[in-house]
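Colleague: I would like a close look at one part of this protein. Please take me through the packing there, and then show how it fits into the rest of the chain.

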Amino acid sequence: MTEHHHEHAHGSAHRHDGEQAADDRPRWDASFWDERYSSSPSLWSGHVNAAVREETVSLPPGRALDVGCGEGGDALWLAEQGWQVVGVDVSQVAIERAAARAAELGLAGSTTFEVRDLMAWAPPEASFDLVSVAFVHLPTDDRRAVYAGLAAAVAVGGSFVVAAHHPSDIGVVPRPPYPDLFFTPDELAADLAAGPGEWDVVVAEARPRPATHPEGHGVEISDTVLRAVRTA
């Protein structure tokens, strides 16, 4: 794939009480992701996710938060467009790789990378012109709480951008067998309306794109894509 697609969560945040979920799903915690990143010199392509690029390319640069940044594909692209970017991820290994790549590209002065567990941390309110959340999948109740905190970090006039796997992908390509990890753009928009601030939802769609099945054949999948501007 030419895109970044860190698909990072199905758990970039984890239950901080140390317990597994009631359905015994794995704990996609810092140890899990550190081990996975350490298994390969690079886990993702390093390129920006298409939905992030498409939804931010026309925005005036400011201060951005890239949530679940992985090895930094989205954050580094944003920095190249003139943004000052804070990238956060639960994996120390990923954060070190992102910072090293930023230094290689001469972007260390416009990027900061921090280890953060979204189940135990929320960004400061109204402090970013852009909050971008790409492929951070959490159980429904956790997602609603975490995403509300992320949306609250958007300043008035700023944008909240989300890209994720759409529920219709289940059965088309391999996905973790937990349907509540996946959500539609309408669900995101409804949660946003019920949360902090007032919003103009500019984009809320299931956006199709081609992909390659692990068995080698081409398939069409869809991304949940939302872009909303905070108006108050």
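At what angle do the axes of H5 and H6 cross?

Modeller: This is a predicted model, so read everything below as computed from it. The axes of H5 and H6 cross at roughly 60°. They come within 10 Å. That crossing angle makes H5 oblique to H6. The crossing is right-handed.

Now the residues. From H5, Arg-143, Arg-144, Tyr-147 and Ala-151 take part. From H6, they meet Glu-187, Leu-188, Asp-191 and Leu-192. By class, the contact has four nonpolar and four charged residues, and no polar ones.

Next, the core. Both H5 (140-152) and H6 (185-194) give two or more residues to the largest nonpolar core. So do the strands E1 (63-67), E2 (84-89), E4 (128-134), E5 (154-165) and E7 (218-230). This core has 28 residues. Tyr-147, from the H5 side of the helix pair, is among the four that touch the most other members. The others are Val-131, Val-133 and Phe-160. In soluble globular proteins, nonpolar side chains tend to be buried together.

Phe-160 links back to the helix pair. Its contacts beyond four places in sequence include Tyr-147 and Ala-151, which H5 brings to its meeting with H6. They also include Leu-192, which H6 brings to that meeting. Val-131, Val-133, Trp-199 and Leu-226 are also among the contacts of Phe-160.

Follow that last one. Leu-226 lies in strand E7. It counts as buried because its relative accessibility is 1%. Leu-226 touches Leu-188 and Leu-192, two of the H6 residues that meet H5. Its further contacts include Pro-185, Ala-189, Val-201 and Val-203. Leu-226 and Val-133 are 93 residues apart in sequence, yet their C-alpha atoms are 9.9 Å apart in space.

There is also a second, separate core. It has 25 residues, including Val-52, Leu-59, Val-85 and Leu-107.

Turn to helix H3, residues 73-80. Seven of its eight residues are buried, so H3 is largely enclosed by the rest of the structure. The buried ones are Gly-73, Asp-74, Ala-75, Leu-76, Trp-77, Leu-78 and Ala-79. They pack against helices H2 (50-56) and H4 (92-104). They also pack against strands E1, E2, E3 (111-115) and E4. After H3 comes Gly-82, with a positive phi near 110°.

One of those strands deserves a residue-level look. Val-88 lies in E2. At 1% relative accessibility, Val-88 counts as buried. Beyond four places in sequence, its contacts include Leu-65, Asp-66, Val-67, Ile-95, Glu-114 and Trp-121. Val-88 and Phe-113 are 25 residues apart in sequence and 5.8 Å apart in space, C-alpha to C-alpha.

Finally, the whole chain. It has six helices and seven strands. Along the sequence they follow the pattern α-α-β-α-β-α-β-β-α-β-α-β-β. Of the 232 residues, 55% are buried. Take the contacts with a separation of 6 or more: residues 24 or more positions apart account for 72% of them.

Definitions and conventions:
Residues are numbered from 1 along each chain as its sequence is written. This is a predicted model: local features need pLDDT of at least 70, side-chain atom pairs count only at pLDDT 80 or more; totals for chains, interfaces and linings use all residues. Side-chain values use heavy atoms; hydrogens and water are left out. A nonpolar core is a set of buried Ala, Val, Leu, Ile, Met, Phe, Trp, Tyr and Cys residues joined through side-chain atoms within 4.5 Å. Buried means under 20% relative accessible area, exposed over 50%, partly exposed in between (1.4 Å probe, protein chains only). Helices (H or I, at least four residues) and strands (E, at least two) are DSSP runs, numbered from the N terminus. Contact means heavy atoms within 4.5 Å. Axes are lines fitted to C-alpha atoms, for helices over the stretch in contact, and angles run from 0 to 180 degrees between N-to-C directions. Angles under 35 degrees count as roughly parallel, over 145 as roughly antiparallel, 65 to 115 as roughly perpendicular and the rest as oblique. A crossing is left-handed if the near helix is turned anticlockwise from the far one by less than a right angle, and right-handed if clockwise. Ala, Val, Leu, Ile, Met, Phe, Trp, Tyr, Cys and Pro count as nonpolar, Asp, Glu, Lys and Arg as charged, and the others, Gly among them, as polar.
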